[in-house]
Amino acid sequence: MDDLDIKLLVDLLRDRIHPDSSLGQHFLLDENVINRAIEIASNNHPIDSSSHVLEIGPGPGSLTLSLLRKNAKVTAIEIDPEAISHLNRVFKDQKDNLFLIEGDVLTTNWPNDITHIVSNIPYQISSPIIDQIQRYNNFNPLLGISILVQDEFAERMSMTSGYSSRGPLGHALWLDFDVELDMKVSPHSFSPSPRVNSRLVKLKPTIREEKNNLDHRLFTMVITHCFANRRRKLRTLLSNPPRRLSRISGWHRDRWNSAIKSISSEILELRPENLSSLQWSNLISHISIQEFESRT
Ligand code: SAH
């Protein structure tokens, strides 16, 4: 492993494959980005020999190399069989620390003792990956997460660039994480260069008391329903229940209509973008705790 470096790893893989943009194959060349990704994931708890890090889409293995040099145990899930055989070759002396899984990250079982996630993820499946990370964290709390995503997506995760970046993605993440934008990464830091700018993002697991009274599914469903027409007022948006409401146990149209009547008209005058995550969580908790007496 001592003789490996980023450029060599990328060259070795590129000798074997023609990068496939439909798999988001843009390989990192910039060591500063790799070091920073590991640093921000380590913030709460350092990545060391006691860590088990999940890497999604290792590709040439540059990030993998730096993680292994921290003596961490690494599980890396990669869909491309050519990349897998490349990784098996270059890391053949790392069998005790590196566990390579060939498959789709969205359908593969993740080990249940992951402590950190560090990854330059395939951008085209950013949303479902984030969703899966959040679900994982709810059952197996993580210590630190850093991911590299498309810049515009990063802004929607953190909701820090004005009201227009507010939406279902950021509000759902708020329930479990403090989302912090870190370094911007230009297309030149990759081979081949993507067309978009990228951004490192830190997800810091956090416990929110507001979550105790909240049905996570109802929260996401109501917010997604409202943001589908983000220019309308809540009065109009909430006058109809979300389309799939009855899939949530205990919920149906009558209970919804009755709960909505108790919302203050001040709130109903607002548009989805005007509410912070905390206000959404208060509103949706309020909706769910309304007593409903069926007339039948
Ligand atoms: N982490 C590497 C490679 C990033 S490119 C680096 O920073 O250089 C994205 C990688 O994700 C590619 O290797 C691609 O083959 C892999 N990939 C794409 N879709 C995937 C999926 N569904 N599951 C697992 N890996 C995937």
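Arginine 217 is partly exposed, with a relative accessible area of 47%. Its place is helix H8, which spans residues 216-227. In this predicted model, Arg217 belongs to a surface patch of positive charge. The other members are Arg243, Arg244 and Arg247. Patch members must have over 30% relative accessible area, and arginine 217 has 47%.

A patch of the opposite sign also appears. Asp2, Asp3, Asp5, Glu31 and Asp93 form a negative patch on the surface. Aspartate 2 sits in the segment before helix H1, which covers residues 6-16. With a relative accessible area of 76%, aspartate 2 is exposed. The cut-off for that class is over 50%.

Now step back to the charges of the whole chain. There are 34 positive and 36 negative charges. Their mean positions lie 9 Å apart.

The overall frame comes next. The protein chain has 12 helices and nine strands. Along the principal axes, its C-alpha atoms fill a box of roughly 75 × 35 × 30 Å. The chain has 296 residues, and 50% of them are buried. Its accessible surface is about 14600 Å². Carbon and sulfur atoms account for 46% of that surface. Consider the contacts between residues at least 6 apart in sequence: 71% of them join residues at least 24 apart.

Glutamate 273 gives a view of a charged residue under cover. This residue lies in the loop between helix H11 (265-268) and helix H12 (277-289). Glutamate 273 counts as buried because its relative accessibility is 11%. Which residues does glutamate 273 touch, leaving aside those up to four places away in sequence? They are Tyr163, Ser164, Arg166, Phe227, Arg230 and Arg231. Three arginines are thus named among these contacts: Arg166, Arg230 and Arg231.

Several loops carry backbone features to check. Start with the loop between helix H3 (62-69) and strand S3 (73-78), which holds asparagine 71. Asparagine 71 has a positive phi, near 70 degrees, and is not a glycine.

Methionine 159 also has a positive phi, near 55 degrees, in a residue other than glycine. Its loop runs between helix H6 (151-158) and helix H7 (168-174). Is methionine 159 buried or exposed? Methionine 159 is buried, at 17% relative accessible area. The limit for that class is under 20%.

The last stop is a peptide bond. From serine 191 to proline 192 the bond is cis, with omega near -10 degrees. Proline 192 is in the loop between strand S8 (190-191) and strand S9 (198-205).

Conventions
Residues numbered from 1 in each chain as written. Predicted model: local features only at pLDDT ≥ 70, side-chain atom pairs only at ≥ 80, totals over all residues. Heavy atoms only, no water. Patch = residues over 30% accessible without salt bridge, like charges linked within 9 Å, V, L, I, M, F, W, Y side chains within 5 Å. Areas by Shrake-Rupley, 256 points an atom, 1.4 Å probe, with all protein chains shown as cover. Salt bridge = Lys/Arg side-chain N within 4 Å of Asp/Glu carboxyl O. Lys, Arg positive; Asp, Glu negative; His and termini not counted. Charge placed at Lys NZ, Arg CZ, Asp CG, Glu CD. Helix = DSSP H or I, 4+ residues; strand = E, 2+ residues; numbered from the N terminus. Buried < 20%, exposed > 50% of the residue type's maximum accessible area, 1.4 Å probe, protein only. Contact = heavy atoms within 4.5 Å.
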